[in-house]
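Please open the structure in the viewer and keep the sequence panel visible. The tour below proceeds by selection, one stop after another.

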Amino acid sequence: YLHSFYCQVPRLFVASGAVQGDMHAAGHWQRGLNEVAVWGPSVDTARFCPEARSPGVRAALGATGPDAVLVLWLGPATPESEPNVWAYALHRLQAAGLPAAGVVVGSGAQVSELLEA
């Protein structure tokens, strides 16, 4: 999948050197995937890390425990952004018995579809 999708671009930007290393280790660059470059800074991992979690905020967003997964939708909810894929992923996690809750940050024509998930 990665090859057929990403080999069409001259450069693939990833979030960290670790992901860049994973892409190279997997050999994607040898199968036609052009340059893999780090786009930084992206996420401040010192600030946004498991140790900085707020149990109160997580509970308010629907996380039912320390291992609960919050699945974030960030951006416009339009048909082009395929909110059904997000809802499907959330439902799959829940069906597998994992404590997962959806968090919607955005607006758009299909935001109600997201909120119903």
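A residue is called buried under 20% relative accessible area, exposed over 50%, and partly exposed in between. Glu35, at 42% relative accessibility, therefore counts as partly exposed. This residue will return at the second stop.

**The whole chain**

Begin with everything selected. The model is a predicted one, with a mean pLDDT of 82; 87% of the residues reach 70 or more. Colour by secondary structure: five helices and four strands appear, and from the N terminus on they follow the order α-β-α-β-α-β-α-β-α. Of the 117 residues, 21% are buried. The protein exposes about 8100 Å², and carbon and sulfur atoms supply 60% of that area. Among contacts with a separation of 6 or more, 59% join residues 24 or more positions apart.

Now colour by confidence. Which element has the lowest mean pLDDT, and which the highest? Helix α1 (residues 2-6) has the lowest, 67, whereas helix α3 (residues 55-60) has the highest, 92.

**The salt bridge**

Select Arg11 and Glu35. A search of the whole structure finds one salt bridge, and Arg11 forms it with Glu35. The closest N and O atoms of the pair are 3.2 Å apart. The two residues link distant parts of the chain: Arg11 belongs to strand β1 (residues 11-14) and Glu35 to strand β2 (residues 35-38), 24 residues apart. Side chains of opposite charge can pair when their charged atoms come close. Is Arg11 buried or exposed? Its relative accessibility is 41%, so Arg11 counts as partly exposed, and Glu35 likewise counts as partly exposed at 42%.

**A buried arginine**

Move next to helix α3 and select Arg58, which lies in that helix. Arg58 is buried yet has no salt bridge. Where is the nearest side chain of opposite charge? That side chain is Asp67, 7.4 Å away from Arg58. To see what surrounds Arg58, display Arg53, Ala63, Gly65, Pro66, Ala68 and Leu70; Arg58 touches each of these, not counting residues up to four places away in sequence.

**A nonpolar surface patch**

For the last stop, switch to a surface view and select Leu72, Leu74 and Val105. These residues make a nonpolar surface patch of about 300 Å². One of them, Leu72, is found in strand β3 (residues 69-74).

Methods: Residues numbered from 1 in each chain as written. Predicted model: local features only at pLDDT ≥ 70, side-chain atom pairs only at ≥ 80, totals over all residues. Heavy atoms only, no water. pLDDT = per-residue confidence, 0-100. Salt bridge = Lys/Arg side-chain N within 4 Å of Asp/Glu carboxyl O. Buried < 20%, exposed > 50% of the residue type's maximum accessible area, 1.4 Å probe, protein only. Patch = residues over 30% accessible without salt bridge, like charges linked within 9 Å, V, L, I, M, F, W, Y side chains within 5 Å. Areas by Shrake-Rupley, 256 points an atom, 1.4 Å probe, with all protein chains shown as cover. Lys, Arg positive; Asp, Glu negative; His and termini not counted. Contact = heavy atoms within 4.5 Å.
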